[in-house]
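Please open the structure in your viewer and keep the selection panel at hand. The tour proceeds by selection, with a short account of what is found at each stop.

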Amino acid sequence: MDEAILQINDEVSIPEAELSFRFSRSSGPGGQHAQKSSTRVELLFDLANSPSLTDSQRTRALKGLAGYVD
């Protein structure tokens with residue numbers, strides 16, 4: 001079975017194995033299920049250590065996403 005790949009553009013593709021998701025309860029109003037359901041989703045990706053990116057791609061992404069990278 002082939003590994004699933006997330007195609008970003010013609011030059012960048014990331015194997016789904018490098019991605020992980022974290023689910024949690026969302027804050028704020030949201031209806032009757034807001035406090036009971038995990039409706040918030042965070043995508044986790046190790047941008048600094050991904051083998052799928054070149055050094056140039058990594059530098060550009062880190063610079064462009066500086067306010068969002070934790």
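**First stop: the interior**

Begin by selecting Leu 19, which touches Leu 6, Ile 14, Leu 43, Leu 44 and Phe 45 when residues up to four places away in sequence are not counted. The model on display is a predicted one. Now extend the selection to Val 12, Ile 14, Leu 47 and Leu 53; together with Leu 19, these residues make up the largest nonpolar core, which has five residues.

**Second stop: the nonpolar surface patch**

Which residues form a nonpolar patch on the surface? Select Phe 21, Phe 23, Val 41 and Leu 43, which have about 430 Å² of accessible area together. Strand 3 (19–24) and strand 4 (40–45) are the elements that each give two or more residues to this patch. Within the patch, centre the view on Phe 21, whose place is in strand 3. Phe 21 counts as exposed because its relative accessibility is 51%, and the cut-off for that class is over 50%.

**Third stop: charged pairs on the strands**

Side chains of opposite charge can pair when their charged atoms come close. How many salt bridges does a search of the whole structure find? The search finds three.

Select Arg 22 and Glu 42 for one of them; the closest N and O atoms of this pair are 3.3 Å apart. Arg 22 lies in strand 3 and Glu 42 in strand 4, so this salt bridge ties together parts that are 20 residues apart in sequence. Both partners are classed as partly exposed: Arg 22 has 42% relative accessibility, and Glu 42 has a relative accessible area of 24%.

Keep Glu 42 selected and add Arg 40. These two residues also form a salt bridge, with 3.8 Å between the closest N and O atoms. Arg 40, at 40% relative accessibility, counts as partly exposed. With Arg 22, Arg 40 and Glu 42 displayed together, the view shows a network of linked salt bridges.

**Fourth stop: the charged pair in the helix**

Move next to helix 1 (55–64) and select Arg 58 and Asp 55. Their side chains meet in a salt bridge, at 3.0 Å from N to O. The two residues are three residues apart in helix 1, which means that about one helical turn separates them. Is each partner buried or exposed? Arg 58 counts as buried, at 12% relative accessibility, whereas Asp 55 counts as exposed, at 60%.

**Final stop: the loop before the helix**

Keep Arg 58 in view and select Ser 50, which lies in the loop between strand 4 and helix 1. Ser 50 counts as buried because its relative accessibility is 2%, where the cut-off is under 20%. Leaving aside neighbours within four places in sequence, Ser 50 is in contact with Glu 18, Phe 45 and Arg 58.

Then select Pro 51, found in the loop between strand 4 and helix 1. Pro 51 counts as exposed, at 71% relative accessibility. Which residues does Pro 51 touch, not counting those up to four places away in sequence? They are Glu 18 and Arg 58. To close, place a distance label between the C-alpha atoms of Pro 51 and Ile 14: the separation is 9.0 Å, although these residues are 37 residues apart along the chain. Ile 14 also returns the view to the start of the tour, as one of the residues in the largest nonpolar core.

Methods: Residues numbered from 1 in each chain as written. Predicted model: local features only at pLDDT ≥ 70, side-chain atom pairs only at ≥ 80, totals over all residues. Heavy atoms only, no water. Patch = residues over 30% accessible without salt bridge, like charges linked within 9 Å, V, L, I, M, F, W, Y side chains within 5 Å. Areas by Shrake-Rupley, 256 points an atom, 1.4 Å probe, with all protein chains shown as cover. Salt bridge = Lys/Arg side-chain N within 4 Å of Asp/Glu carboxyl O. Helix = DSSP H or I, 4+ residues; strand = E, 2+ residues; numbered from the N terminus. Buried < 20%, exposed > 50% of the residue type's maximum accessible area, 1.4 Å probe, protein only. Core = buried A, V, L, I, M, F, W, Y, C linked by side-chain atoms within 4.5 Å. Contact = heavy atoms within 4.5 Å.
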